[in-house]
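Here's a quick briefing on one pocket, the two helices beside it and a few residues worth a look. Have the structure open while you read.

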Amino acid sequence: MIQATYISTPTRSMSTEDLMQILNSARQNNIRLGVSGMLLFTGSEFIQILEGEEKIIEELLAKIKQDPRHGDIRIIEKKKITTREYADWTMGFKHVDKNDLRDIPGLNKFFDTDLSGEIDHNKLKLINNLLNHFRNKEKKKNIHDELSLDQEDKFIFFLHSMIRFAVKVLALLMMLTVLWCVLDVVAVIYKEILSLPITSLGKSEILHVFGSFMIVLIAVEIFINITLYIRNDVIPVKMVVATALMAVARKIIVFDFHDVSALHVIGTGVLVIALGVSYWLLEREFKVH
């Protein structure tokens with residue numbers, strides 16, 4: 001696996017539509033090719049870093065060199081890597097301007113640097129610092145850290161420590177609950193299926209078994225939700241919505257439509273649609289990009 005960085009000059013003025021077209025095309029292709037990276041546009045230069053299998057990256061660079069939108073393409077760094085530095089993005093993107101770097105030590109003079117011609121060691125270091133800055137900045141946006149222990153106030157630190165301890169206790173109790181639910185599934189299968197003649201197996205028995213399985217899956221999802229609160233690298237919102245969707249799905253599976261009113265069924269359907277749309281929107285918002 002290699003990591004390659006290049007710089008190029010746009011051959012014409014780039015509109016927002018042009019940039020979005022480049023970005024969307026790159027993301028679709030990179031998902032298919034297993035490529036990660038980031039693209040920066042400064043108004044006068046494209047700076048892009050690509051990570052992936054060597055053959056794929058070489059072919060991708062050759063293709064970019066044929067793109068009429070890029071001119072004066074220079075590969076400024078190429079190195080072998082064992083782990084991806086931009087694994088979170090199929091293609092991160094930032095349209096950089098002076099205001100973004102104005103208060104950043106070491107980068108606030110970036111727009112005063114001439115990037116034409118040969119890129120020496122100092123310019124390469126500046127470009128890498130710029131890429132790392134935006135990579136780290138974007139990562140921080142996705143950090144879930146409500147219970148951080150990085151607190152100067154000792155009282156807040158104590159409260160956060162106690163809550164994190166309580167969450168660990170809840171996680172332990174939830175684990176025991178999951179095991180209990182598994183034993184319940186075994187008991188239900190024996191009672192409803194194994195202990196009775198096969199000819200007596202009916203819809204109600206099957207639904208009872210399905211309902212028991214769904215309870216286990218919901219318990220597992222709740223356990224995961226609990227443990228998310230003691231981590232700071234994940235966003236639990238999507239998991240909460242997924243748990244709610246699974247819980248509603250369980251209710252639908254065990255519905256006895258002879259006893260449930262039409263209004264109840266319609267309301268449940270609307271709720272499923274709302275949760276499904278919410279999950280889809282969250283998937284779009286927090287997906288790798």
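One bit of vocabulary before we start: helices and strands here are DSSP runs, numbered from the N terminus, with at least four residues for a helix and at least two for a strand. Keep in mind that this is a predicted model. With those labels, helix H1 (16–33), strand S3 (46–52) and helix H2 (54–65) each put at least two residues into the lining of the second largest pocket.

**The second largest pocket**
- The space in this pocket comes to about 330 Å³.
- Its lining is made of 18 residues, and those nearest the centre are Ser25, Ala26, Asn29, Leu60 and Ile64.
- Which element gives the most to the lining? That's H1, with eight residues.
- By chemistry, the lining splits into eight nonpolar, six polar and four charged residues.

**Helix H1**
- At 1.5 Å a residue, the 18 residues of H1 should span 26 Å, and the end C-alpha atoms sit 25 Å apart, so the two agree.
- H1 has a buried set made up of Asp18, Leu19, Ile22, Leu23, Ala26 and Asn30.
- Those buried residues cover an arc of only 125° around the axis, so they fall on the same side of H1.
- The general background is that an α-helix has 3.6 residues a turn, so residues three or four places apart point the same way.
- Flip to the other side of H1 and you'll find Thr16, Glu17, Gln21, Gln28, Ile31 and Arg32 exposed.
- The cover over the buried residues of H1 includes strand S2 (36–41), S3, H2 and strand S5 (92–95).
- Just past the end of H1, Gly34 adopts a positive phi of about 75°.

**Helix H2**
- H2 is twelve residues and reaches 17 Å from its first C-alpha to its last, close to the 16 Å expected at 1.5 Å a residue.
- On H2, the buried residues are Ile57, Leu60, Leu61 and Ile64.
- They share the same side of H2, because their arc around the axis is only 100°.
- Lys55 and Lys63 are exposed, on the face of H2 turned away from its buried side.
- What do the buried residues of H2 pack against? Strand S1 (2–10), H1, S3 and strand S4 (70–80).
- Two of these residues tie back to the pocket: Leu60 and Ile64 are among the lining residues nearest its centre.

**Individual residues to click on**
- Asp72 belongs to strand S4, and its phi is near 50°, a positive value in a residue other than glycine.
- Asp72 is partly exposed, with a relative accessible area of 47%.
- Asn24 is part of helix H1 and is partly exposed too, at a relative accessible area of 35%.
- In sequence Asn24 and Met91 are 67 residues apart, yet C-alpha to C-alpha they are 8.8 Å apart in space.
- Arg69 sits in the loop between H2 and S4.
- Is Arg69 buried or partly exposed? Its relative accessible area is 21%, and buried means under 20%, so Arg69 counts as partly exposed.
- Arg69 and Thr11 are 58 residues apart in sequence but 5.3 Å apart in space, C-alpha to C-alpha.
- Leaving out residues up to four places away in sequence, Arg69 touches Thr9, Pro10, Thr11, Arg12, Met14, Gln21, Ile22 and Phe46.
- Two of those contacts lead back to H1: Gln21 is exposed, while Ile22 is buried.

Methods: Residues are numbered from 1 along each chain as its sequence is written. This is a predicted model: local features need pLDDT of at least 70, side-chain atom pairs count only at pLDDT 80 or more; totals for chains, interfaces and linings use all residues. Side-chain values use heavy atoms; hydrogens and water are left out. On a 1 Å grid over the protein atoms alone, a cavity is a set of points where a 1.4 Å probe fits but cannot get out, and a pocket is an open set with protein on both sides within 12 Å along at least five of seven lines; lining residues have an atom within 4 Å of a point. Grid points are joined across faces, edges and corners, and a volume is the space filled by probe spheres set on the points. Ala, Val, Leu, Ile, Met, Phe, Trp, Tyr, Cys and Pro count as nonpolar, Asp, Glu, Lys and Arg as charged, and the others, Gly among them, as polar. The expected span of a helix is 1.5 Å times one less than its number of residues. Buried means under 20% relative accessible area, exposed over 50%, partly exposed in between (1.4 Å probe, protein chains only). The arc is that of the directions from the helix axis to the C-beta atoms. Contact means heavy atoms within 4.5 Å.
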